[in-house]
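Subject: Structure handover

Hello,

Here is the structure for you to look over. My notes on it follow below.

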Amino acid sequence: MTKWEYATIPLLSHNTKAILDNWGEDGWELVSVIAGPNGWENPVAYLKRPRSE
């Protein structure tokens with residue numbers, strides 16, 4: 001059975017693609033984006049990747 005690890009990261013609206021590309025290069029898959037504590041000005045991304053044993 002696959003075991004997962006998760007990360008929650010803040011996204012900067014002027015640099016979202018670069019941030020997600022950088023995490024993706026490390027094997028992270030975007031699961032969801034939600035509004036942050038201050039609304040959509042500061043969205044938060046949830047990512048996952050298989051845990052290495």
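Among contacts in the protein chain between residues at least 6 apart in sequence, what percentage join residues at least 24 apart? The figure is 44%. Please keep in mind that this is a predicted model.

**Overall layout**

The protein chain has one helix and three strands. Their order along the sequence is β-α-β-β. The C-alpha trace spans about 35 × 20 × 10 Å along its principal axes. There are 53 residues in the protein chain, and 19% of them count as buried. The accessible surface comes to about 4,100 Å². Carbon and sulfur atoms own 52% of that surface.

**Charges and salt bridges**

The protein chain carries 5 positive and 7 negative charges. The mean positions of the two sets lie 8 Å apart. Side chains of opposite charge can pair when their charged atoms come close. How many salt bridges does the model hold? The count is two.

One of them joins R49 and E5. Their side chains meet at 2.8 Å, N to O. This pair links distant parts of the chain, with R49 in strand 3 and E5 in strand 1 (residues 4-10). The two residues are 44 residues apart. R49 is partly exposed, because its relative accessibility is 23% and the partly exposed range runs from 20% to 50%. E5 has a relative accessible area of 26%, so E5 is partly exposed as well.

D21 and K17 form a salt bridge too. Their closest N and O atoms are 2.5 Å apart. Both residues sit in helix 1 (residues 16-25). They are four residues apart, which is about one turn of the helix. Is each partner exposed or partly exposed? D21 has 38% relative accessibility, so D21 counts as partly exposed. K17 reaches 61%, so K17 counts as exposed.

**Y46 and its neighbours**

Y46 is in strand 3 (residues 39-50). Its relative accessibility is 34%, so Y46 counts as partly exposed. Which residues does Y46 touch, leaving out those up to four places away in sequence? The list is A7, T8, E29, L30, V31, S32 and I34. L20 is 26 residues from Y46 in sequence. In space, the C-alpha atoms of Y46 and L20 are 10 Å apart.

T8, one of the residues that Y46 touches, lies in strand 1. T8 counts as partly exposed because its relative accessibility is 49%. T8 touches V44, A45 and Y46, again leaving out residues up to four places away in sequence. T8 and A45 are 37 residues apart in sequence. Their C-alpha atoms are 5.7 Å apart in space.

**The nonpolar patch**

L30 is also among the residues that Y46 touches. L30 lies in strand 2 (residues 29-36). With 39% relative accessibility, L30 counts as partly exposed, because that value falls between the 20% and 50% cut-offs. Which residues form a nonpolar patch on the surface? L30, V33 and W40 do. Together they have about 310 Å² of accessible area.

**The end of the chain**

E53 lies in the segment after strand 3. Is E53 buried or exposed? E53 is exposed, because its relative accessible area is 79%. E53 and A18 are 35 residues apart along the chain. Their C-alpha atoms are separated by 28 Å.

**Where to look in the viewer**

Three places are worth opening. Start with R49 in strand 3 and E5 in strand 1, the pair that links distant parts of the chain. Then go to Y46, which touches residues including A7, T8 and L30. Finish at the nonpolar surface patch of L30, V33 and W40.

Best wishes

Conventions. Residues are numbered from 1 along each chain as its sequence is written. This is a predicted model: local features need pLDDT of at least 70, side-chain atom pairs count only at pLDDT 80 or more; totals for chains, interfaces and linings use all residues. Side-chain values use heavy atoms; hydrogens and water are left out. Patches are made of residues with over 30% relative accessible area and no salt bridge: like charges are joined within 9 Å, nonpolar side chains (Val, Leu, Ile, Met, Phe, Trp, Tyr) within 5 Å. Accessible areas come from the Shrake-Rupley method with a 1.4 Å probe; for residues, only the protein chains shown count as cover. A salt bridge is a side-chain nitrogen of Lys or Arg within 4 Å of a carboxyl oxygen of Asp or Glu. Buried means under 20% relative accessible area, exposed over 50%, partly exposed in between (1.4 Å probe, protein chains only). Contact means heavy atoms within 4.5 Å. Lys and Arg count as positive and Asp and Glu as negative; His and the chain ends are not counted. The place of a charge is taken as NZ of Lys, CZ of Arg, CG of Asp or CD of Glu.
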